[in-house]
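Good morning, colleagues. Please bring up the sequence and the coordinates, and I shall take you through selected features in turn.

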There are 2 protein chains.
Amino acid sequence: MERIIATYFIETPIAIEKAAAILAGEQSSGTFVAVPGETEALKARFAARVESVELLEAVTEPAIPGSAAGTGLYHRAIIKVSWSIENFGYNLPVLVSTLQGNLYELTQFTGLKLMELDVPPSYADHFPGPRFGIEGCRRLTGVTGRPLIGTIIKPSIGLTPSETATLVSTLVTAGIDFIKDDELLSSSANSLFEDRVNAVMRVLNHHADRTGKEVMYAFNISGEIDEMMYRYEHILAAGGNCAMISLNSVGLSGTKKICDQGELAIHGHRNGWGMLNRHPLLGIGFPAYQKLWRLAGVDQIHVNGIQNKFWESDDSVVRSIMACLEPMLGGFSIMPVVSSGQWGGQAPETYRRTKTIDLLYMAGGGIMAHPDGPSSGVEAVRQAWKAAVDGLSVEEAAKTYPAFGRSVEKFGTK
Amino acid sequence: MERIIATYFIETPIAIEKAAAILAGEQSSGTFVAVPGETEALKARFAARVESVELLEAVTEPAIPGSAAGTGLYHRAIIKVSWSIENFGYNLPVLVSTLQGNLYELTQFTGLKLMELDVPPSYADHFPGPRFGIEGCRRLTGVTGRPLIGTIIKPSIGLTPSETATLVSTLVTAGIDFIKDDELLSSSANSLFEDRVNAVMRVLNHHADRTGKEVMYAFNISGEIDEMMYRYEHILAAGGNCAMISLNSVGLSGTKKICDQGELAIHGHRNGWGMLNRHPLLGIGFPAYQKLWRLAGVDQIHVNGIQNKFWESDDSVVRSIMACLEPMLGGFSIMPVVSSGQWGGQAPETYRRTKTIDLLYMAGGGIMAHPDGPSSGVEAVRQAWKAAVDGLSVEEAAKTYPAFGRSVEKFGTK
């Protein structure tokens with residue numbers, strides 16, 4: 001029988017093997033006294049199994065509070081635990097409750113993070129996965145040979161639909177490939193969702209008619225199920241090709257329902273992610289996290305960016321990009337969305353470390369606030385990527401490409 | 001214009017007022033350079049506002065890593081921040097993205113937890129809230145004057161529907177009010193959801209016909225939207241009155257969709273909660289968390305229990321129970337579900353500290369493993385609550401009530 005394998009980074013005041021066994025027991029049959037009916041045959045079929053234990057260092061201070069009395073030492077380890085898929089079948093929420101669930105509550109752990117997740121081949125038969133992925137997003141926008149260049153409508157909230165449309169008009173004229181709503185905006189008092197879609201799509205449709213270039217706009221549909229479905233249909237009817245969902249706020253079941261409609265590319269925003277990942281020994285690591293959303297069918301997912309304005313290290317960002325690019329179940333392609341303080345200056349380092357152009361590269365202020373205007377802002381980011389692929393440094397690129405050179409003057413000291 | 005007020009516990013290496021202003025800015029208009037269109041009028045209408053700052057201690061080690069370079073001191077404070085409801089209207093996922101969202105990523109914070117949340121009166125007009133709540137759950141089960149006594153089917157996973165039904169038969173004969181699936185089980189290879197519902201409901205319907213007593217069974221419907229809707233209908237058609245959802249695994253949008261059907265009481269399981277709350281300075285506190293689920297319409301929510309088997313302190317459990325019992329928007333009643341290692345021995349202390357009987361009191365092994373069998377187990381828990389309300393200690397209750405006395409012999413040394 002096929003099994004799901006989960007990899008955890010744990011810290012425990014008790015013996016690692018015992019802690020691992022408790023984890024497995026809690027997530028397949030735990031109660032505080034033995035109960036009738038818990039037979040050996042039943043355990044053999046449904047019990048979780050500790051597959052491996054790799055001992056790491058011991059520390060003298062617990063990573064998070066709430067431990068059972070221990071020896072004064074907290075042992076760290078990487079452990080792998082497996083479950084038969086007979087336990088939950090192809091049900092993502094129950095999979096999550098099994099792999100995470102009550103585990104974070106156990107006193108036997110002073111740290112626990114789900115790092116990786118391996119699902120068996122039959123999952124490919126039951127989950128359609130991302131309908132567009134990298135290839136589909138390229139096809140929808142007609143972009144080849146470089147990353148998709150995107151930007152976010154700013155200010156986050158407050159513009160009217162017609163002000164948004166004016167900004168969109170500037171951006172498409174500038175040559176942008178992708179634009180998105182901020183996650184703070186779905187439908188506000190002065191920018192009703194439908195009005196904004198109509199105003200923006202008039203600009204995009206006109207631009208497409210005139211130039212043949214389809215720009216992707218991710219309208220933030222996050223909301224209740226029926227509302228999301230209605231808004232999805234509204235985007236489709238207006239000629240749009242993408243919707244955005246705040247993954248953590250909407251949740252797995254709601255997101256999958258939307259992805260399953262299959263007609264729009266789904267831009268997955270991971271806001272709230274810091275709560276799940278910022279602590280090194282609590283929560284879930286991105287390699288496991290992104291797999292859940294690929295199973296749900298998300299086409300694009302945020303990975304932060306090199307030299308971002310947030311707390312995350314470049315190493316962590318690179319690992320996240322590589323996790324997205326690794327094929328899953330023979331496909332399940334998802335496009336990494338690079339964002340946060342990006343302006344083109346990070347392109348050489350991003351390419352040097354990932355060797356990929358299969359990215360949606362988002363620059364906000366980096367495009368809008370270019371000293372020569374948004375057109376030069378978009379041009380500068382494209383130049384930065386051309387230079388990056390050619391192996392130029394930021395300094396070399398600045399000398400070769402005037403528009404990029406001007407952005408280095410403005411943003412290069414940050 | 002009405003405003004939403006959020007209370008945060010923060011830690012920052014920079015000046016508290018500056019950190020608070022950055023938080024408010026990030027969640028209403030943040031980008032790393034000023035952009036055109038961000039006018040004063042627009043800011044006045046849509047900007048988040050710092051309402052108060054209450055300075056606490058400073059520490060020399062950051063609570064979580066990833067801080068900006070600071071002075072070596074990390075300042076803690078309670079701050080209140082407000083947003084106009086014009087920003088997001090009555091959209092729970094966008095509310096969550098606004099109140100939490102990218103905040104956890106900011107280098108200006110080495111700790112951030114959303115502690116409390118106040119929504120304005122008009123929310124009562126837009127959200128129907130829990131359809132059953134405490135009164136409705138009492139009505140469905142016919143229980144007055146004491147907590148509902150419940151238990152969980154164990155082993156968590158592995159029993160067949162007919163084995164489950166046999167156990168249910170024993171439990172209803174024993175006088176139980178409430179039974180639930182474990183969160184690890186929704187539909188497994190040897191317990192298909194529909195088969196289990198049919199087998200269990202045959203027992204419960206027969207019992208009701210014979211005795212007039214309706215026992216509530218929370219079938220775990222957690223899954224995809226269409227699957228949950230189908231299973232909901234199946235429970236209803238079979239005569240059931242409750243469904244269980246793993247709140248964090250399903251998410252806000254999916255949970256609200258199910259609550260909005262309005263015909264079954266919704267048992268909200270908070271597994272995964274430790275990830276969001278176990279760290280004192282990361283995530284979300286229960287008072288804020290439970291309000292989100294009351295807005296979504298959940299009727300029952302887990303609060304852990306006194307002297308539980310998990311990491312949580314009794315003080316924290318008491319705070320959670322009291323948070324559930326505090327009216328919200330003039331109602332929005334939700335029943336606290338007390339569970340984890342409970343057996344009746346905790347009833348006196350639970351009552352002493354909360355002075356309430358409006359609880360669903362769950363005892364797993366504490367009922368099934370009573371030395372004289374499940375009937376005595378249920379009787380013992382009822383006796384414990386009678387004693388608790390009468391002000392008896394565990395020792396006094398053990399002398400007064402034989403069945404409870406026997407459980408003290410078995411479980412009292414734990």
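B:Arg76 and B:Glu11 are both buried in this predicted model. The two side chains form a salt bridge, with 2.7 Å between the closest N and O atoms. This pair links distant parts of the chain: B:Arg76 lies in strand β3 (residues 74–84) of chain B and B:Glu11 in strand β1 (residues 3–12) of chain B, 65 residues apart.

How many salt bridges does a search of the whole structure find? The total is 47 over all chains. I have selected a few further cases.

One of them joins B:Glu349 and B:Arg352, whose closest N and O atoms are 3.0 Å apart. Both residues belong to helix α14 (residues 347–354) of chain B, and because they are 3 residues apart there, about one helical turn separates them. With a relative accessible area of 22%, B:Glu349 is partly exposed, whereas B:Arg352 reaches 53% and counts as exposed. Elsewhere, salt bridges with shared partners connect A:Arg131, A:Lys256, A:Asp260 and B:Glu224 in one network.

Another salt bridge brings together the side chains of A:Lys257 and B:Asp226, at 2.7 Å from N to O. Here the pair crosses between chains: A:Lys257 sits in helix α10 (residues 252–259) of chain A, and B:Asp226 in helix α8 (residues 225–237) of chain B. A:Lys257 has 18% relative accessibility and therefore counts as buried. B:Asp226, at 48%, counts as partly exposed.

That brings me to the relation between the chains. In general, a rotation about an axis and a shift along it relate two copies of a chain. In this model, a turn of 180 degrees with a shift of 0.0 Å along the axis lays chain A on chain B, and the RMSD is 0.0 Å. The two copies are therefore related as by a two-fold rotation axis. Which residue of chain A comes closest to that rotation axis? A:Gly251 does, its C-alpha being 1.9 Å away. As for the interface, 100% of the interface residues of chain A are also interface residues in chain B, so the copies meet through the same surface.

Let me turn to the cysteines. The count of disulfides over all chains is 0. Why does A:Cys242 form no bond with the closest cysteine sulfur? That sulfur belongs to A:Cys137 and is 6.8 Å from the sulfur of A:Cys242, which is too far for a bond; the cut-off for a disulfide is 2.5 Å. A:Cys242 counts as buried, at 0% relative accessibility. A:Cys324 is likewise in no disulfide, and its nearest cysteine sulfur, again that of A:Cys137, is 12 Å away. At 2% relative accessibility, A:Cys324 also counts as buried.

Next, the strands and their connections in chain A. Strand β11 (residues 300–302) and strand β12 (residues 335–338) run parallel and are joined by 3 bridges. The bridge partner of A:Gln300 in β12(A) is A:Met335. Together with helix α13 (residues 314–325) of chain A, β11(A) and β12(A) make a right-handed β-α-β unit. From β12(A) the chain then crosses through helix α14 (residues 347–354) of chain A to β13(A), and this β-α-β crossover is right-handed. β12(A) and strand β13 (residues 360–362) of chain A pair in the parallel sense over 2 bridges. There, A:Val338 stands opposite A:Tyr361 in β13(A).

Are the residues of β12(A) buried or exposed? A:Met335 and A:Val337 point one way from the strand, A:Pro336 and A:Val338 point the other way, and all are buried.

Finally, two helices and their surroundings. In helix α1 (residues 16–26) of chain A, the buried residues are A:Ile16, A:Ala19, A:Ala20, A:Leu23, A:Ala24 and A:Glu26. Their cover includes β1 (3–12), β2 (49–59), β3 (74–84) and β4 (111–118) of chain A.

The second is helix α5 (residues 133–141) of chain B, where B:Gly133, B:Ile134, B:Gly136, B:Cys137, B:Arg138 and B:Thr141 are buried. What do the buried residues of α5(B) pack against? Their partners are β5 (148–152), β7 (216–220), β9 (265–269), β11 (300–302), α13 (314–325) and β12 (335–338) of chain B. Just after α5(B), B:Gly142 adopts a positive phi of about 70 degrees.

How values were computed:
Residues numbered from 1 in each chain as written. Chains lettered and ligands numbered in written order. Predicted model: local features only at pLDDT ≥ 70, side-chain atom pairs only at ≥ 80, totals over all residues. Heavy atoms only, no water. Buried < 20%, exposed > 50% of the residue type's maximum accessible area, 1.4 Å probe, protein only. Helix = DSSP H or I, 4+ residues; strand = E, 2+ residues; numbered from the N terminus. Contact = heavy atoms within 4.5 Å. Pairing = 2+ DSSP bridges. Right-handed = clockwise from strand over helix to strand, strands pointing away. Least-squares fit on C-alpha atoms with pLDDT ≥ 70 in both. Salt bridge = Lys/Arg side-chain N within 4 Å of Asp/Glu carboxyl O.
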